[in-house]
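Student: Hey, can you walk me through this one? I've got the sequence and the model open.

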Amino acid sequence: MKSFLVSFFLMFCFFVNAQNLYIKTYGNEKNKPVIFIHGGPSGNATLFEGTTAQKLADQGFYVIAYDRRGEGRSADPDAKFTYEEAFQDLNFIYKIYNLKKAVLLSHSFGGLAATLYANKYPQNVSALVLAGALFSEQETYDHILNTLKKKYSNDSEQLKRIHVVENLDKNSAEYRKNCFELAGENGFFKMPNPTAESKKLYTDYETGEFYKTNIRNKNAPLLFYQNEKQNNIDSRPFLKKIKAAGVPIYGIYGKQDGIFSSAQIKSIKDLTGEKHFAFLDNCSHYLFVDQQKEFLDNIKKWLK
């Protein structure tokens with residue numbers, strides 16, 4: 001009877017809030033809640049769910065995974081893809097699960113959404129974890145393009161392509177798209193020496209049920225840039241305010257994550273503090289898969 005009432009309540013909330021959020025929980029609801037905030041725009045939580053969510057729950061956490069409105073499995077033709085809309089989704093999750101505080105475990109673009117949320121609602125956040133999370137967008141774009149200019153210093157065709165990207169509007173979806181496409185084509189997101197464990201995790205994901213629902217809304221980035229004014233930001237001033245408000249901040253990054261410069265990594269390590277920072281070797285952007293054990297060990301050490 002209790003299960004039926006909860007299900008009815010959730011469906012009712014989805015209806016009255018005009019939301020159709022995909023949300024799934026892992027672990028015991030009495031444990032410390034951890035909300036995973038995926039990358040994007042045009043992302044989803046399928047890789048995290050298919051590889052890591054249950055294992056994190058097994059460490060003694062109540063893990064909540066969801067797809068933001070209009071992204072992934074949370075279909076919504078009226079989604080605006082703004083940070084404020086992302087805040088509404090998070091507050092909705094807090095409400096239906098009766099959460100007073102939760103850890104925000106944020107990946108990639110999700111780090112920006114989580115940081116801005118924690119800045120606005122610090123009372124709701126017990127800790128903020130930046131896992132391969134973006135924090136200084138223009139520095140990332142500059143690093144990608146400068147790295148490739150050095151790599152292709154003797155390739156006129158590639159240099160011409162990079163030059164075209166450099167001259168795009170830096171606050172446009174096209175600029176972002178081209179920077180990350182170049183990064184992807186050049187292996188910036190791949191671990192250099194895949195381990196047997198990481199290979200199995202990726203293979204199991206790609207042949208499993210979650211990969212079948214790896215839905216991506218290709219229009220999401222364009223709509224985000226159309227509707228959100230804060231579309232190329234440096235979130236470190238917000239992170240400093242969050243830390244000053246008493247919210248612990250942790251950072252975990254891959255040493256071979258090609259979208260971050262050494263100067264960026266130093267700056268975020270200085271901000272979190274050495275004891276709140278982990279730098280994983282043979283690890284790129286999807287660190288919860290590339291080096292899953294080290295990822296889980298650090299999260300447990302910090303949050304338990």
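Tutor: Sure, one term to start: buried means under 20% relative accessible area, exposed over 50%, and partly exposed in between, with a 1.4 Å probe and protein chains only. This is a predicted model, where local features need pLDDT of at least 70, side-chain atom pairs count only at pLDDT 80 or more, and totals for chains, interfaces and linings use all residues. Residues are numbered from 1 along each chain as its sequence is written, and side-chain values use heavy atoms, with hydrogens and water left out.

Student: Okay, what share of the 304 residues is buried?

Tutor: Buried residues account for 54% of them.

Student: And how many helices and strands are there?

Tutor: The protein has 15 helices and seven strands. Those are DSSP runs numbered from the N terminus: helices are H or I with at least four residues, strands are E with at least two.

Student: New topic: where is Q291?

Tutor: Q291 lies in the loop between α14 (287–290) and α15 (292–303).

Student: Is Q291 buried or exposed, and why?

Tutor: Q291 counts as buried because its relative accessibility is 14%.

Student: Which residues is Q291 in contact with, leaving aside neighbours within four places in sequence?

Tutor: They are M191, T195, L280, D281, N282 and C283. Contact means heavy atoms within 4.5 Å.

Student: What about contacts across the whole protein?

Tutor: Of the contacts between residues at least 6 apart in sequence, 78% join residues at least 24 apart.

Student: Last one: what does the C-alpha trace span?

Tutor: About 70 × 45 × 40 Å along its principal axes.
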